[in-house]
Amino acid sequence: MSDTETLYDGKWLRLMRRGRWEYAERTNPGGGVMIIAVTPEDRLLFVEQYRPALQAMTIEMPAGLVGDVADNAGENAVEAADRELLEETGYAARRITFLMAGPTSSGMSNEILAFVRAYDLTRTACGGGDETEDILVHEVPRREAAAWLVEKIRAGYSIDPKMFAGLYLLEHGETLFGPG
């Protein structure tokens with residue numbers, strides 16, 4: 001095993017080199033969480049926002065970092081999902097279950113992303129993100145979600161392929177991983 005060298009150490013990311021391999025590390029210990037959330041009207045929640053790394057508008061499921069807020073440094077993925085869902089969409093969930101976690105891009109980063117499912121949603125706030133975010137919430141009929149995402153791709157939006165994994169987990173997550 002080669003020695004590991006730190007090339008850059010930032011607030012949320014660290015750039016590393018091990019031998020010839022360069023990769024990014026998340027500096028928050030909890031990784032990220034993506035929330036699969038459906039309203040009582042059977043509408044899937046998506047968020048639209050500008051992402052500077054891509055220099056493009058994206059459509060995503062509500063998501064965020066685990067343990068990135070000082071007051072919540074020890075939170076788990078379900079606790080972070082509860083906080084992020086309310087912050088980004090204005091919806092609170094009565095129940096959130098953990099489905100699975102895995103690497104987002106194992107060849108480039110050590111980031112682990114957890115998928116969770118939010119149930120029994122109630123609108124309790126405006127949403128839109130925190131003071132650093134400008135998030136637009138979309139409520140898309142569940143049966144139209146995949147086609148809606150494809151339309152957004154054709155319209156020039158950047159759509160993370162994990163959105164389609166989220167749609168799959170919406171339909172099959174409990175069968176694969178249990179009811180939480």
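These legends describe close-up views of a predicted model.

Local features are given where pLDDT is at least 70 and side-chain atom pairs at pLDDT 80 or more, while totals for chains, interfaces and linings use all residues. Residues are numbered from 1 along each chain as its sequence is written, and side-chain values use heavy atoms, without hydrogens and water.

**Figure 1. The whole protein, with three helices and eleven strands.** Helices (H or I, at least four residues) and strands (E, at least two) are DSSP runs, numbered from the N terminus. The order from the N terminus is β-β-β-β-β-β-β-α-β-β-β-α-β-α. The radius of gyration is 17 Å, close to the 16 Å of the globule rule for 180 residues, so the protein is as compact as a globular protein of that length. This radius is taken over C-alpha atoms, and the rule is 2.2 Å times the number of residues to the power 0.38. The C-alpha trace spans about 55 × 35 × 35 Å along its principal axes. Of the 180 residues, 41% count as buried. Buried means under 20% relative accessible area, exposed over 50%, and partly exposed in between (1.4 Å probe, protein chains only). Contact means heavy atoms within 4.5 Å. Among contacts with a separation of 6 or more, 59% come from residues 24 or more positions apart.

**Figure 2. The salt bridge between Glu-111 and Arg-26.** A salt bridge is a side-chain nitrogen of Lys or Arg within 4 Å of a carboxyl oxygen of Asp or Glu. Side chains of opposite charge can pair when their charged atoms come close. For Glu-111 and Arg-26, the N to O distance is 2.9 Å. Glu-111 sits in the loop between strand E8 (91-103) and strand E9 (112-123), and Arg-26 in strand E3 (residues 21-26), so the pair ties together parts that are 85 residues apart in sequence. Glu-111 is buried at 16% relative accessibility. Arg-26 is partly exposed at 23%. The structure holds 13 salt bridges.

**Figure 3. The salt bridge between Glu-60 and Arg-51.** The two side chains meet at 2.9 Å, N to O. Glu-60 is buried, with a relative accessible area of 13%. Arg-51 is partly exposed, at 33%.

**Figure 4. The salt bridge between Arg-142 and Glu-171, and a salt-bridge network.** Arg-142 and Glu-171 meet at 3.0 Å, N to O. The pair links distant parts of the chain, 29 residues apart. Arg-142 lies in the loop between strand E10 (136-141) and helix H2 (145-154), and Glu-171 in helix H3 (residues 162-177). Both residues are partly exposed: Arg-142 has a relative accessible area of 25%, and Glu-171 has 47%. Elsewhere, salt bridges that share partners join Glu-5, Arg-17 and Glu-22 into one network.

**Figure 5. The packing of helices H2 and H3.** The two axes come within 11 Å and cross at roughly 175°. That makes H2 roughly antiparallel to H3. Axes are lines fitted to C-alpha atoms, for helices over the stretch in contact, and angles run from 0 to 180 degrees between N-to-C directions. Angles under 35 degrees count as roughly parallel, over 145 as roughly antiparallel, 65 to 115 as roughly perpendicular, and the rest as oblique. H2 brings Ala-145, Ala-146, Leu-149, Val-150 and Ile-153 to the contact. H3 brings Met-163, Phe-164 and Leu-167. By class, the contact has eight nonpolar, no polar and no charged residues. Ala, Val, Leu, Ile, Met, Phe, Trp, Tyr, Cys and Pro count as nonpolar, Asp, Glu, Lys and Arg as charged, and the others, Gly among them, as polar.

**Figure 6. The surroundings of Arg-83 in helix H1.** Helix H1 covers residues 77-89. Arg-83 is buried, at 17% relative accessible area. Leaving out residues up to four places away in sequence, Arg-83 touches Leu-65, Gly-67, Asp-68, Val-69, Asn-72 and Glu-75.

**Figure 7. Positive phi at Asp-42 and Gln-55.** Most residues other than glycine have a negative phi. Asp-42 has a phi near 65°. Asp-42 lies in the loop between strand E4 (32-37) and strand E5 (43-51), and is partly exposed at 36% relative accessible area. Gln-55 has a phi of about 50°. Gln-55 is placed in the loop between E5 and strand E6 (56-60), and counts as exposed at 65% relative accessibility.
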